[in-house]
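Q: Please take a close look at one part of this model, the end of the chain, and set it against the rest. A connected account is preferred to a list.

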Amino acid sequence: MAIPKAAVPASAEPAKCPVCKGTGEVSRTVHVGRKRRAVGQQTGLCLNCLGSGEAPAE
């Protein structure tokens with residue numbers, strides 16, 4: 001007979017990513033033209049946590 005696994009407490013949430021603050025997305029400034037004027041922002045995938053929102057294990 002197999003030994004039952006211990007249940008994970010419901011309150012134990014993984015730590016949030018410090019870069020995206022748990023959203024999984026970050027904003028980057030968009031530059032256009034020869035003078036590289038800033039015209040707005042574009043959201044993209046957080047490269048630190050790869051969009052999961054959880055802090056990566058070290």
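A: Ala 57 counts as exposed because its relative accessibility is 79%, above the 50% that marks an exposed residue. The model is a predicted one. Ala 57 is found in the segment after β2. Its C-alpha atom is 9.8 Å from that of Ala 15, although 42 residues separate Ala 57 and Ala 15 in sequence.

A second pair joins the segment before β1 to a distant part of the chain. Cys 17, in the segment before β1, has its C-alpha atom 5.0 Å from that of Glu 54, and these two residues are 37 apart along the chain. Cys 17 is also in contact with Glu 54, and its contacts beyond four places in sequence further include Gly 53, Ala 55, Cys 46, Asn 48 and Cys 49. Gly 22 is another of these contacts. Cys 17 has a relative accessibility of 1%, so it counts as buried, the cut-off being under 20%.

For the chain as a whole, 10% of the 58 residues count as buried. Of the contacts between residues at least 6 apart in sequence, 40% join residues at least 24 apart. The accessible surface is about 5400 Å², and carbon and sulfur atoms account for 55% of that area.

Between the two segments lies the regular secondary structure. The chain has two strands and zero helices. β1 covers residues 25-32 and β2 covers residues 37-45. The strands pair in the antiparallel sense over eight bridges, and one bridge sets Thr 29 opposite Gln 41 in β2. Four residues lie between the strands of this hairpin, in which Gly 33 takes a positive phi near 80°. β2 is hardly covered, with zero buried residues among its nine.

Positive phi values also occur in residues other than glycine, on either side of the hairpin. Leu 50, like Ala 57, belongs to the segment after β2. Leu 50 has a phi of about 60° and is exposed because its relative accessibility is 62%. Lys 21 lies in the segment before β1. Its phi is near 60°, and Lys 21 is exposed because its relative accessible area is 62%.

To return to the end of the chain, the segment after β2 holds Ala 57, which is exposed at 79% relative accessibility. Cys 17, in the segment before β1, is buried at 1%.

Conventions. Residues are numbered from 1 along each chain as its sequence is written. This is a predicted model: local features need pLDDT of at least 70, side-chain atom pairs count only at pLDDT 80 or more; totals for chains, interfaces and linings use all residues. Side-chain values use heavy atoms; hydrogens and water are left out. Buried means under 20% relative accessible area, exposed over 50%, partly exposed in between (1.4 Å probe, protein chains only). Contact means heavy atoms within 4.5 Å. Two strands pair if DSSP finds at least two bridges between them. Accessible areas come from the Shrake-Rupley method with a 1.4 Å probe; for residues, only the protein chains shown count as cover.
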